[in-house]
Amino acid sequence: MSVRVRRVYDPPESDDGVRVLVDRLWPRGIKKEAARVDEWPKGLTPSTELRRWYHAGEGSYEEFARRYEAELAEPEAAELLDDLRGRVRKGPVTLLTSAKDPERSHAAVLVGLLESASR
């Protein structure tokens with residue numbers, strides 16, 4: 001399994017594989033051509049309410065991750081997550097985010113779920 005997280009502002013690399021934007025909003029200041037996004041499954045991103053709650057500093061990363069995993073268990077998101085797992089099985093996937101700290105973001109939660117499914 002080959003999945004990694006990169007900031008969408010970083011230039012694309014030849015080994016990125018399928019580039020999947022995992023943010024609900026299009027990142028500021030970057031043109032679609034420059035981002036080279038292959039897929040943008042908005043239904044796989046945290047809800048607006050959860051995103052605002054977390055960015056307001058009202059809770060811990062661990063609580064955010066728990067709530068986000070619960071959202072990902074909902075039917076539409078679960079189907080999109082299964083589709084993403086299928087992509088990962090076929091080859092490299094790069095999750096793109098504009099988060100300043102990708103290691104403590106929803107992208108890291110997604111990677112954890114994708115890695116746990118491959119075990």
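Student: How many helices and how many strands are there in the protein chain?

Tutor: This is a predicted model, in which local features need pLDDT of at least 70, side-chain atom pairs count only at pLDDT 80 or more, and totals for chains, interfaces and linings use all residues. Residues are numbered from 1 along each chain as its sequence is written, and side-chain values use heavy atoms, leaving out hydrogens and water. Helices (H or I, at least four residues) and strands (E, at least two) are DSSP runs, numbered from the N terminus. Counted that way, the protein chain has five helices and three strands.

Student: What pattern do they follow along the sequence?

Tutor: Let's read along the protein chain, using β for a strand and α for a helix. The pattern is β-β-α-α-α-α-β-α.

Student: What radius of gyration does the protein chain have, and what would a compact globule with 119 residues have?

Tutor: The radius is taken over C-alpha atoms, and the globule rule is 2.2 Å times the number of residues to the power 0.38. The C-alpha atoms fill a box of roughly 40 × 35 × 20 Å along the principal axes. For 119 residues the rule gives a value near 14 Å, and the chain agrees with it at 14 Å.

Student: In what order do the three strands form their sheet?

Tutor: Strands of a sheet pair through backbone hydrogen bonds, either parallel or antiparallel. Two strands count as paired here if DSSP finds at least two bridges between them. The sheet is open and its pairing is parallel, with the order E1-E3-E2.

Student: Which strands stand at the edges, and why is one side of each left without a neighbour in the sheet?

Tutor: A strand with a single partner has one side left without a neighbour in the sheet, so look for those with one partner strand each. They are E1 (3-7) and E2 (18-21).

Student: By what angle are neighbouring strands of this sheet turned against each other on average?

Tutor: Axes are lines fitted to C-alpha atoms, for helices over the stretch in contact, and angles run from 0 to 180 degrees between N-to-C directions. Here direction is ignored, and the average turn between neighbouring strands is 30°.

Student: Which helix packs on the sheet, touching E1, E2 and E3?

Tutor: Its direction makes about 130° with that of E3. The helix you are after spans residues 75-90 and is H4.

Student: Which residue of E3 is the bridge partner of Val 3 and of Val 18?

Tutor: E3 (residues 93-97) runs parallel to E1 and is joined to it by five bridges. Four bridges join E3 to E2, and that pair runs parallel as well. Val 3 has its bridge partner in E3 at Val 93, and the partner of Val 18 is Val 93.

Student: How many of the five residues of E3 are buried?

Tutor: Buried means under 20% relative accessible area, exposed over 50%, and partly exposed in between (1.4 Å probe, protein chains only). Val 93, Leu 95 and Thr 97 are buried on one side of E3, as are Thr 94 and Leu 96 on the other. The strand is therefore largely enclosed by the rest of the structure, and its buried count is five of five.

Student: Which backbone oxygen does the side chain of Thr 94 reach, and at what distance?

Tutor: Thr 94 sits in strand E3 and is buried, with a relative accessible area of 0%. Taking contact as heavy atoms within 4.5 Å and leaving aside neighbours within four places in sequence, Thr 94 touches residues including Arg 4, Val 18 and Asp 16. Its side chain reaches the backbone oxygen of Asp 16 at 2.7 Å.

Student: Which residues is Ala 107 in contact with, leaving aside its neighbours within four places in sequence?

Tutor: Ala 107 lies in helix H5 (residues 106-117). It is buried, with a relative accessible area of 0%. Its contacts are Val 5, Val 22, Leu 95 and Thr 97.

Student: How far apart in space are Ser 47 and Arg 24?

Tutor: Ser 47 is in the loop between helix H1 (32-35) and helix H2 (48-55). With a relative accessible area of 16%, Ser 47 counts as buried. Arg 24 is 23 residues away in sequence, and C-alpha to C-alpha the two are apart by 8.1 Å.

Student: What phi does Arg 36 have?

Tutor: Most residues other than glycine have a negative phi. Arg 36 is in the loop between H1 and H2, and at 48% relative accessibility it counts as partly exposed. Although Arg 36 is not a glycine, its phi is positive, at about 50°.

How values were computed: A polar contact is a pair of N or O atoms within 3.5 Å; within protein, one must be able to donate a hydrogen and the other to accept it, and residues adjacent in sequence count only if both atoms are side-chain atoms.
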